[in-house]
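Reader: I would like to go through this model with you, beginning with its interior. Could you set out the terms before we turn to the details?

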Amino acid sequence: MSFIYKTTDTILDSIKPYIKNKSEDDLEIAKYGLNLFLMELYKLPIFLGLAYFLGIFKYSILSYLLFGFIRSNAHGIHMKNGKLCLFYSCISFFSVVYISKILLLHIIIKLFLSILMLYILYKYAPADTEQRPLLNALTRKKKKKSSILVGIIYIIISLIYPTQILSNIFLFVLLLECIAIHPITYKIFNRRYRNYEDFK
């Protein structure tokens, strides 16, 4: 994935003359965001190609979009390199679709999972990364509220939607995001948690 980082450096070098008033911290944030964007552009065709080959194209797209929406508020762990990110993304989203197809959940289990996931969102969202610590307390508070609101919407849709697979996808995508923000996940992958505390 080194070509992505080289591309990012090339783009930033080409626009530096026009952003002379930006600090090194601003440039690092821009570099991180651009890396993520280019990484997604690289991953998406592979992900969609595999989903199409496996016959789960439309459900994989739905899972991907739902996850991106909740993740934009709750954030969560990032893998150390693009290949690992692509691997875990495919495993995670395809698993969500296949499990959603075959698993019929009782309403009591759904309610239990819903309460547990809302607690995790309340307790741990948003979860930042070393490269992008969420330093502003007000921003963290707003993102927590947004995460919980989106979580509630997903849960309501999951509970009332009549189609099993779509109902399950909303629930399991939320579960996937809860796993991504949990401190245990950060510990398993040897990543730092609550990075904003280092700047207090």
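Author: Certainly. For the residue classes, Ala, Val, Leu, Ile, Met, Phe, Trp, Tyr, Cys and Pro count as nonpolar, Asp, Glu, Lys and Arg as charged, and the others, Gly among them, as polar. Please also keep in mind that this is a predicted model.

Reader: With those classes, how does the lining of the largest cavity divide?

Author: The lining has six nonpolar residues, one polar residue and two charged residues. The residues concerned are E40, K43, L44, F47, Y64, L86, S89, C90 and F93. Two or more of these residues come from each of the helices α2 (24-54) and α4 (82-102).

Reader: What volume does the largest cavity have?

Author: Its volume is about 50 Å³. A search of the whole structure gives one cavity of 30 Å³ or more.

Reader: Let us step back to the fold. How many helices and strands are there in the chain?

Author: The chain has eight helices and zero strands. Along the sequence the pattern reads α-α-α-α-α-α-α-α. Of the 200 residues, 40% count as buried.

Reader: Now to charges. How many salt bridges does the count come to?

Author: The count comes to two salt bridges. In one of them, the side chains of R71 and E177 meet at 3.9 Å, N to O. R71 lies in helix α3 (residues 57-74) and E177 in helix α7 (residues 164-181), so this pair ties together parts that are 106 residues apart in sequence.

Reader: Are R71 and E177 buried or exposed?

Author: R71 is buried, and E177 is buried as well.

Reader: And which residue forms a salt bridge with R191?

Author: That residue is E130, and the closest N and O atoms are 3.3 Å apart. This pair also links distant parts of the chain, since R191 is in the segment after α8 (183-188) and E130 is in the loop between α5 and α6, 61 residues apart.

Reader: Why does R191 count as buried, and why does E130 count as partly exposed?

Author: R191 has a relative accessible area of 11%, so it falls under the 20% cut-off for buried residues. E130 has 25%, so it falls between that cut-off and the 50% above which a residue is exposed.

Reader: Changing topic: which residues lie nearest the centre of the second largest pocket?

Author: They are A125, P126, R140, R194 and Y196, out of 13 lining residues. About 150 Å³ of space lies in this pocket. By class, its lining has seven nonpolar, no polar and six charged residues.

Reader: Which element gives the most to the lining of the second largest pocket?

Author: Helix α6 gives the most, with four residues. Both α5 and α6 supply at least two residues each.

Reader: You named A125 and P126. Is the peptide bond from A125 to P126 cis or trans?

Author: That bond is cis, with omega near -10°. P126 lies in the loop between α5 and α6. As general background, most peptide bonds are trans, and most residues other than glycine have a negative phi.

Reader: On that subject, what is the phi of R194?

Author: R194 has a positive phi of about 50°, although it is not a glycine. R194 is found in the segment after α8, and at 30% relative accessibility it counts as partly exposed. H75 likewise is not a glycine and has a positive phi, of about 60°. H75 is in the loop between α3 and α4, and it is buried, with a relative accessible area of 12%.

Reader: Finally, the surface. Which residues make the nonpolar surface patch?

Author: The patch, of about 600 Å², is made by I107, I108, L111, I152, I156, L159 and I160. Helices α5 (107-124) and α6 (137-160) each supply at least two of its residues, and α6 gives the most, with four.

Reader: Where is I152 found, and is I152 buried or partly exposed?

Author: I152 is found in helix α6. At 35% relative accessibility, I152 counts as partly exposed.

Methods
Residues are numbered from 1 along each chain as its sequence is written. This is a predicted model: local features need pLDDT of at least 70, side-chain atom pairs count only at pLDDT 80 or more; totals for chains, interfaces and linings use all residues. Side-chain values use heavy atoms; hydrogens and water are left out. Patches are made of residues with over 30% relative accessible area and no salt bridge: like charges are joined within 9 Å, nonpolar side chains (Val, Leu, Ile, Met, Phe, Trp, Tyr) within 5 Å. Accessible areas come from the Shrake-Rupley method with a 1.4 Å probe; for residues, only the protein chains shown count as cover. A salt bridge is a side-chain nitrogen of Lys or Arg within 4 Å of a carboxyl oxygen of Asp or Glu. Buried means under 20% relative accessible area, exposed over 50%, partly exposed in between (1.4 Å probe, protein chains only). On a 1 Å grid over the protein atoms alone, a cavity is a set of points where a 1.4 Å probe fits but cannot get out, and a pocket is an open set with protein on both sides within 12 Å along at least five of seven lines; lining residues have an atom within 4 Å of a point. Grid points are joined across faces, edges and corners, and a volume is the space filled by probe spheres set on the points.
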